[in-house]
Amino acid sequence: MSSFRIPIGPFNFEVTSTLASVAQQFAYIYHNYPALKDSDFIDFHTEILAPVGLRNFIKPNVQFQFDHHHIPFKPLPKAQGYAMLEWGMNWCIAANAHQYLVLHSAVISKQGKSIIMPAPPGSGKSTLCAAMAYNGWQLLSDELGLVNRNIETIPCTRPINLKNDSIDILKKLAPSARFSQKAHDTQKGTVALLEPPKTSIDQMFEKSVPKAIVFPKYVANSDCLVTPISDANSLQQIIDNSFNYHVLGLEGFELATKLIKQCKSFHLEYSQFGEANDALEEIINEH
């Protein structure tokens with residue numbers, strides 16, 4: 001059994017695995033993260049448990065466990081163990097970190113100013129986020145946008161979840177970066193995890209001020225198009241892409257409306273990373 005204790009922005013995780021392949025991939029991808037002391041408080045205890053007995057040989061699967069006894073998901077095939085761990089870590093934060101408004105969003109920043117990029121699955125959010133992170137932007141998150149009561153974005157800097165063709169695209173764009181093994185035939189297709197740039201890991205305790213909300217959409221062979229959208233439209237999309245708006249109730253509404261008032265909102269249609277980068281640079285510098 002292997003165990004790791006690391007900080008992820010404001011959260012401390014303990015990750016334990018009885019599966020050697022999961023432990024090896026975790027150590028490989030998280031090699032730049034600092035280790036916690038034994039005396040440090042742990043927010044989330046997580047485990048990936050390998051099958052025992054005959055189940056280890058006949059359609060072997062793995063189980064994600066939280067806080068030593070809670071099992072929130074059905075088992076997955078053994079080959080998807082590391083991907084399951086990453087998804088489970090996302091769930092820990094989204095289901096419990098109600099001191100924040102938690103958005104299904106990528107977040108990137110420069111010079112203390114951040115852009116929140118909420119989007120449903122399939123929009124190209126994580127691919128764009130990864131490309132920007134390896135082009136000089138700080139990665140706060142590719143999946144979980146955390147907004148505190150002071151309307152600041154809080155880093156939750158973790159490996160970027162890439163799917164299908166995006167994996168090979170980013171391997172060409174960031175050839176020296178570390179990728180996990182591909183997990184095939186998941187509910188999301190083929191997935192792999194890309195390590196964050198070390199500079200983003202080193203900055204994962206630094207808050208930033210959100211200046212823009214950008215709803216990205218990849219459209220093959222399209223020109224880069226930035227379209228301003230109304231506060232009402234943006235608010236509805238923020239609500240639709242929030243994990244805990246319904247849990248926070250009135251506080252969630254107040255946080256979301258304050259965020260909208262502080263930011264300008266845009267829809268971004270893109271096909272080329274260079275054009276998207278120029279558009280995001282212009283947005284953050286102007287606003």
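## A tour of one sheet, two cavities and a ring pair

Start with three strands: they make an open, antiparallel sheet in the order β11-β13-β12. Keep in mind that this model is predicted.

**Stop 1: the edges.** Select residues 160-163 for β11 and 183-186 for β12. These two strands stand at the edges of the sheet. Each has a single partner strand, so one side of each has no neighbour in the sheet. Now look along the sheet. From one strand to the next, the twist averages 35 degrees.

**Stop 2: a strand pairing.** Add β13, residues 189-194. How many bridges join β12 and β13? There are two bridges, and the pairing is antiparallel. Zoom in on A183. Opposite A183 stands V191 in β13.

**Stop 3: helices on the sheet.** Next, select helix α2, residues 81-96. Helix α2 packs on the sheet and touches β11, β12 and β13. The direction of α2 makes about 70 degrees with that of β13. Then pick helix α3, residues 125-133. Which strands does α3 lie across? Helix α3 lies across β11 and β13. The angle between α3 and β11 is about 125 degrees.

**Stop 4: the largest cavity.** The model has two cavities of 30 Å³ or more. For the largest one, select E86, W87, N90, D142, E143, R158, P159, N161 and L193. These residues line a volume of about 50 Å³. Which element gives the largest share of this lining? Helix α2 does, with three residues. Colour the lining by class: four residues are charged, three are nonpolar and two are polar.

**Stop 5: the second largest cavity.** Select N90, S141, D142, E143, L144, C156 and R158 to show its lining. The volume here is about 30 Å³. By class, this lining has three charged, two nonpolar and two polar residues. Look for N90, which lines the largest cavity and also the second largest.

**Stop 6: a pair of rings.** Now for the aromatic side chains. A search of the whole structure finds twelve aromatic pairs. Select one of them, F4 and F26. The centres of the two rings are 5.0 Å apart, with 40 degrees between the planes. This pair is tilted. Show the backbone around both rings. F4 lies in strand β1, residues 2-8, and F26 in helix α1, residues 20-29. Why does this pair tie together separate parts of the sequence? F4 is in β1 and F26 is in α1, so the pair links parts that are 22 residues apart in sequence.

Definitions and conventions
Residues are numbered from 1 along each chain as its sequence is written. This is a predicted model: local features need pLDDT of at least 70, side-chain atom pairs count only at pLDDT 80 or more; totals for chains, interfaces and linings use all residues. Side-chain values use heavy atoms; hydrogens and water are left out. On a 1 Å grid over the protein atoms alone, a cavity is a set of points where a 1.4 Å probe fits but cannot get out, and a pocket is an open set with protein on both sides within 12 Å along at least five of seven lines; lining residues have an atom within 4 Å of a point. Grid points are joined across faces, edges and corners, and a volume is the space filled by probe spheres set on the points. Helices (H or I, at least four residues) and strands (E, at least two) are DSSP runs, numbered from the N terminus. Ala, Val, Leu, Ile, Met, Phe, Trp, Tyr, Cys and Pro count as nonpolar, Asp, Glu, Lys and Arg as charged, and the others, Gly among them, as polar. Two strands pair if DSSP finds at least two bridges between them. Axes are lines fitted to C-alpha atoms, for helices over the stretch in contact, and angles run from 0 to 180 degrees between N-to-C directions. Contact means heavy atoms within 4.5 Å. Rings of Phe, Tyr and Trp (its six-membered ring) pair if their centres lie within 6.5 Å; planes under 30 degrees apart count as stacked, over 60 as edge-to-face and the rest as tilted.
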